[in-house]
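Reader: Please take one loop of this model and look at it closely. Then work outward from there to the elements around it.

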Amino acid sequence: MSEPALVLDGVRRTFRQGERELNVLKGASLAVLPGEIVALVGPSGAGKSTLLQIAGLLEQPDAGEVRIAGQNCGKMDDTARTAVRREKLGFVYQYHHLLPEFSAEENIVLPQMIAGKSRKDARTRAGELLATLGLAERGDHRPARLSGGEQQRVAIARGVANLPAVLLADEPTGNLDPGTADRVFGYLVDLVRAEGIGVLIATHNLELAGRMDRMVTLQDGMLV
């Protein structure tokens with residue numbers, strides 16, 4: 001069996017609200033394999049975004065381990081964690097967060113150049129991704145000239161541009177109408193399958209979740 005792309009082992013996270021403690025995560029554990037797409041569901045306020053933040057090394061758990069492509073990230077300093085985020089993790093959010101002054105292609109090129117890739121190689125990779133996502137003719141368009149579905153496809157391309165081990169997505173089709181959401185999700189599935197990326201997607205859309213490899217529910221601070 002392949003080594004998991006992402007492992008959460010006994011993750012705990014507590015927040016303080018005045019005198020009150022809010023135990024959001026109480027020992028959550030999960031493994032996501034390369035090429036596997038896992039839906040993360042649960043009611044609003046259950047802690048799905050907190051879990052994604054911890055999985056993405058944007059927030060430290062109070063206890064438990066986070067392993068990305070076999071690396072235990074718990075004891076890393078900020079510089080090492082930033083390097084893992086840049087090289088091993090990709091992110092897609094509900095809103096595309098594309099840089100408005102840059103074209104679709106440039107939005108995909110920039111994170112690659114930040115990771116050390118040459119402009120030529122980054123443009124080649126961007127062109128391949130745009131073609132795969134049905135946007136070959138839209139690379140020179142700025143985000144304002146793209147439809148909502150096109151913007152989100154560019155955001156997906158940006159998220160996988162550096163060939164991450166893990167893609168973390170928070171309601172990636174939440175701002176789209178059902179038909180567009182279905183098409184965008186189809187593109188996402190085809191792309192991550194082809195590239196062997198492990199994916200964890202937080203969603204309230206149970207129909208969408210049902211199309212993923214499996215579904216885990218965040219319930220009372222645990223994943224079931």
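Author: Start with L98. This residue is found in the loop between β6 and α3. The model is predicted, and every value below is computed from it. L98 is buried, with a relative accessible area of 7%. The cut-off for buried is under 20%, so L98 falls within it at 7%.

What does L98 touch beyond its neighbours within four places in sequence? Its contacts are N107, P143, Q151, V154, A155 and R158. N107 is also one of the buried residues of α3. P164 is a separate matter: it lies 66 residues from L98 in sequence, and the two C-alpha atoms are 19 Å apart in space.

Now H97, in the loop between β6 (89-92) and α3 (104-114). Is H97 buried or exposed, or something in between? H97 counts as partly exposed, because its relative accessibility is 47% and the partly exposed class runs between 20% and 50%. Its backbone deserves a look too. Phi of H97 is near 55 degrees, which is positive in a residue other than glycine.

A69 gives a second case of this kind. Its phi is near 50 degrees, again a positive value in a non-glycine residue. A69 sits in the loop between β4 (63-68) and β5 (71-72). With a relative accessible area of 29%, A69 is partly exposed.

Go on along the chain from the H97 loop to α3. The buried residues of this helix are A104, N107, I108, V109, P111 and Q112. An α-helix has 3.6 residues a turn, so residues three or four places apart point the same way. Where do the buried residues of α3 pack? They pack against α4 and α5 (148-160). Just after α3 comes G116, with a positive phi of about 105 degrees.

Next, α4 and its partner. Two packed helices are described by the angle between their axes and the distance between the axes. Helix α4 (residues 119-132) packs with helix α6 (residues 178-195) at about 130 degrees, and the axes are 10 Å apart. That angle makes α4 oblique to α6. Which residues meet there? From α4 come R125, L129 and T132; from α6 come Y187, L191 and E195.

Back to the other end of the loop, to β6. This strand belongs to an open sheet of six strands, ordered β6-β7-β8-β3-β9-β10, with mixed pairing. Both β6 and β10 (222-223) are edge strands, each pairing on one side only. The partner of β6 is strand β7 (residues 166-170); the pairing is parallel and covers four bridges. F91 stands opposite L168 in β7.

F91 matters to one more search. A search of the whole structure finds one aromatic pair. The rings of F91 and Y93 have centres 6.3 Å apart and planes at 5 degrees, so the pair is stacked. Planes under 30 degrees apart count as stacked. Y93 itself is partly exposed, at a relative accessible area of 33%.

Helix α1 lies across this sheet. The strands it crosses are β3 (37-41), β6, β7, β8 (198-202), β9 (214-219) and β10, and the helix runs at about 155 degrees to β7.

A second open sheet has four strands. Its order is β2-β1-β4-β5, with antiparallel pairing. The edge strands here are β2 (20-32) and β5, each paired on one side only. Helix α1 (residues 48-55) packs on this sheet as well, touching β1, β2 and β4. Its direction makes about 125 degrees with that of β1.

How many bridges link β1 and β2? Strand β1 (residues 6-17) pairs with β2 over 10 bridges, in the antiparallel sense. The two strands form a hairpin with two residues between them. In the turn, G18 has a positive phi of about 65 degrees.

One residue, R13, closes the tour. Its bridge partner in β2 is L25. The charged end of R13 sits over the ring of F15, 4.4 Å from the ring centre.

Methods
Residues are numbered from 1 along each chain as its sequence is written. This is a predicted model: local features need pLDDT of at least 70, side-chain atom pairs count only at pLDDT 80 or more; totals for chains, interfaces and linings use all residues. Side-chain values use heavy atoms; hydrogens and water are left out. Rings of Phe, Tyr and Trp (its six-membered ring) pair if their centres lie within 6.5 Å; planes under 30 degrees apart count as stacked, over 60 as edge-to-face and the rest as tilted. Buried means under 20% relative accessible area, exposed over 50%, partly exposed in between (1.4 Å probe, protein chains only). A charge sits over a ring if NZ of Lys or CZ of Arg is within 6 Å of the ring centre and within 35 degrees of the ring normal. Contact means heavy atoms within 4.5 Å. Two strands pair if DSSP finds at least two bridges between them. Axes are lines fitted to C-alpha atoms, for helices over the stretch in contact, and angles run from 0 to 180 degrees between N-to-C directions. Angles under 35 degrees count as roughly parallel, over 145 as roughly antiparallel, 65 to 115 as roughly perpendicular and the rest as oblique.
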